[in-house]
Amino acid sequence: MRIAVIGGGPGGLYFATLVRQLDPSVHIDIWERNAPDDTFGFGVVFSDQTLAGIKASDPGVFAAMSKSFAYWDDIDITFRDTVFTIGGNGFAAMSRKQLLKVLQDRAAEYGLSVQYRTEAPDVGQLMAGYDLVIASDGINSAIRERFAENFGTTVDPRLCKFMWLGTDTVYEAFEFFVEHTQWGTMQVHAYPMDDKLSTFIVEMHEDVWRRAGFDAVDAASLPPGVSDVESIERLKVIFAKALQGGSLLANNSKWVSFRTIRNRTLVYKNLVLLGDAAHTAHFSIGSGTKLAMEDSLALAACLFEQPTIDAALKAYDEERLPVIKSTQRAAQASLEWFEELDQYQGQDAIQFTFNLMTRSRRITYDNLKQRDPQFVQQLDDWFLADQIRRGRVPAGTASVPPMFLPFTMRGLTLPNRVVVSAMDMYSAVDGVPADFHKVHLGARALGGAGLVMTEMVCTSSEGRITPGCTGLWSEEQQHAWKSIVDFVHTTAAKIGVQLGHSGRKGSTKLMWEGIDQPLDSGNWPLIGPSALPYLEVSQVPREMTRADMDAVKQEFIEATQRAAAAGFDLLELHCAHGYLLSSFLTPVSNRRTDEYGGSVTNRLRFPLEVFDAVRAAWPSDRPMSVRISASDWVSDGLSVEDSVAIAEAFTEHGADLIDVSTGQTTPAAKPDYGRSYQTPYADRIRNRVGVATMAVGSISSADDVNTIIAAGRADLCALGRPHLFDPAWTLHAAADQEVSVPWPVQYRAGRRKPPAGRAEDPKPRLELVLPSQNQERPSRWRPSR
């Protein structure tokens with residue numbers, strides 16, 4: 001086998017060494033355009049998982065690396081002059097220059113030579129002359145750019161500027177310094193890399209960077225290897241306290257915008273991308289070098305596990321892409337959190353610390369409880385006291401995980417923070433809820449949720465989505481709903497009604513017959529802000545006149561009065577998912593040129609009219625929420641600022657809660673699905689507008705609910721599918737966490753989790769001497785000086 005490696009950095013060197021270790025007969029040529037001692041950056045951080053792979057694959061490299069490691073467990077977070085330390089994390093770091101030396105020495109041991117200061121031959125020539133070509137030529141890979149269409153490359157430039165520096169201050173832990181300046185918030189990610197130096201990365205939003213005048217030096221005008229001395233001198237002053245008397249050290253240090261690089265595939269013919277050429281992940285969750293070495297290990301293994309090179313490359317692609325995507329999802333959540341750092345400046349230091357620790361969604365409430373149980377207990381106690389102070393929790397409430405704390409709005413107190421999300425059941429006849437609805441909603445109320453939401457209850461027959469939708473336009477419907485409400489009130493739960501009008505998405509088949517598809521017969525006329533159908537096959541709605549608006553508003557008022565008479569505890573106005581009020585709010589469906597279209601202020605005009613009318617008809621001691629779609633998931637849809645302005649407007653008009661969903665406003669939407677993927681929208685609105693929010697969307701675990709609420713991202717969490725799977729989801733979550741909550745008296749015998757079908761046998765002692773506790777990683781890096 002003949003292999004060409006373009007790039008003699010850690011990824012390329014480690015791959016070549018592993019391959020030669022497995023088969024000394026493989027011919028490998030390596031080209032590196034820089035000198036052997038040229039390296040940009042400072043320290044490299046490794047996870048325990050990566051180190052375990054290196055140790056198993058190449059004990060010699062691991063042993064050599066270990067001699068240079070700085071080991072520690074703690075993370076220190078400094079926010080508004082308050083420092084919180086989180087233990088139990090586990091880090092190992094070393095200088096990038098030392099890592100390169102270790103890998104260069106190891107390559108030499110295996111007879112590998114690197115052609116330094118040499119550009120590689122044309123990649124097409126190499127692909128023709130070698131069995132395999134490795135492109136490990138870095139983030140600015142010319143090879144990746146040449147074959148971008150084949151690799152499916154996308155580049156996402158982000159909103160922050162950062163500069164990679166070093167310092168002769170040797171920190172004892174991973175440090176986050178958050179500095180509030182006259183220009184905005186700046187932050188530092190710092191960590192020790194040996195007994196003399198630490199890495200020091202400064203990052204800030206580009207708006208802050210410009211206000212601070214750091215754009216005075218054009219980074220593109222600086223030659224390679226030349227640092228932005230002017231900015232560095234200013235940073236020494238801004239971060240003097242964090243530097244603790246130390247100096248800042250430069251190494252090709254200049255301002256850079258982070259770019260997330262993604263590839264649909266890592267393989268094209270016999271050409272393979274590796275390391276930063278293949279992917280980038282924000283430095284706040286780990287090291288690009290770590291990922292590159294993981295790539296190298298996987299590719300080398302696949303080459304010797306598979307019968308052919310083609311099979312090996314296919315296996316490599318299938319193995320690495322899911323790992324890379326998972327890492328990049330976490331990194332994306334982390335970098336977006338730092339991009340919006342300013343919105344958390346009002347948080348208390350302990351909540352900010354928890355928020356920062358859980359930003360990537362890889363660390364959660366339960367995970368942090370395992371790492372540092374004392375901190376999580378301190379957080380729980382603080383959160384309880386804070387919620388009592390804000391009037392959300394009654395005085396005298398015991399400290400429990402956040403999801404089990406009560407929540408008060410106006411005259412309503414929910415027993416916990418779990419909500420059964422509004423889910424259309426399409427099982428009514430003439431808008432009348434049936435026995436099914438009573439059993440469905442009653443079962444979830446018995447299951448322990450704090451609030452049970454109805455499906456969208458329509459304000460008129462022509463405002464239904466399907467013939468199976470419920471309504472509140474008749475006395476018969478009101479009486480049927482009252483029976484359901486009365487039953488729910490025999491439990492600890494509360495019940496909310498969601499009022500809405502289908503707009504242009506009405507007159508369609510039941511979901512299981514064809515979602516959003518028009519009825520074959522029995523259609524009713526549709527209305528909307530503009531004469532735009534939802535689908536090409538959909539009925540075209542009539543553009544609403546002022547008379548239509550008045551009629552619809554009256555329908556909402558009458559439905560509200562019936563909801564109040566039925567005894568509902570909360571009313572939610574449905575302004576999401578492309579239904580009538582939502583279709584006014586979003587530009588994808590509102591193309592009006594009068595005072596109800598155009599600017600976000602104009603698009604809000606009719607929905608606010610309806611809200612005001614409903615609020616006036618709804619009892620003043622009962623709260624109202626508004627469900628919104630905070631994003632259309634298309635480029636010409638709602639902007640971030642639009643969604644904040646919409647939430648702010650409803651709040652100013654008296655909304656007690658914003659239920660933050662996204663999408664379903666246009667069939668062109670391309671949501672970025674994933675765990676808790678809509679929660680950042682609730683987070684942004686809560687912390688920028690100062691209103692209570694409800695998070696919804698792919699929240700399925702009690703751990704995620706606790707994390708979201710404790711971090712201040714939302715006040716309530718709505719779960720849909722988990723409650724379809726398990727009507728007693730909340731009671732079971734309480735049992736799992738050993739939290740005492742009221743069970744229905746009829747079910748109390750089942751409040752303890754039953755034993756598993758098979759118990760594990762007791763394990764015999766198999767060690768004469770237990771491992772020494774002295775082998776544990778130190779909590780702080782304190783090298784002997």
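Two exercises with worked solutions follow, on the overall form and on one sheet of this predicted model.

Because the model is predicted, local features need pLDDT of at least 70 and side-chain atom pairs count only at pLDDT 80 or more, whereas totals for chains, interfaces and linings use all residues. Residues are numbered from 1 along each chain as its sequence is written, and side-chain values use heavy atoms, with hydrogens and water left out.

**Exercise 1.** Determine how the radius of gyration of the protein stands against the globule rule.

*Solution.* Begin with the radius of gyration, taken over C-alpha atoms, which is 30 Å. Next apply the globule rule, 2.2 Å times the number of residues to the power 0.38, which gives 28 Å for 785 residues; the two values are close, so the protein is as compact as a globular protein of that length. Then add that 58% of the 785 residues count as buried, that is, under 20% relative accessible area with a 1.4 Å probe and protein chains only. Finally, the C-alpha trace spans about 90 × 60 × 60 Å along its principal axes.

**Exercise 2.** Work out the strand order of the open six-stranded sheet, and describe how β1 is joined to β2.

*Solution.* Strands here are DSSP runs of E with at least two residues, numbered from the N terminus, and two of them pair if DSSP finds at least two bridges between them. The order is β8-β2-β1-β9-β17-β16, with mixed pairing. The edges are β8 (114–116) and β16 (267–268), each of which pairs on one side only. Within the sheet, β1 (residues 2–6) and β2 (residues 27–32) run parallel and are joined by five bridges; Ile-6 stands opposite Trp-31 in β2.

Note on methods
Buried means under 20% relative accessible area, exposed over 50%, partly exposed in between (1.4 Å probe, protein chains only). Helices (H or I, at least four residues) and strands (E, at least two) are DSSP runs, numbered from the N terminus.
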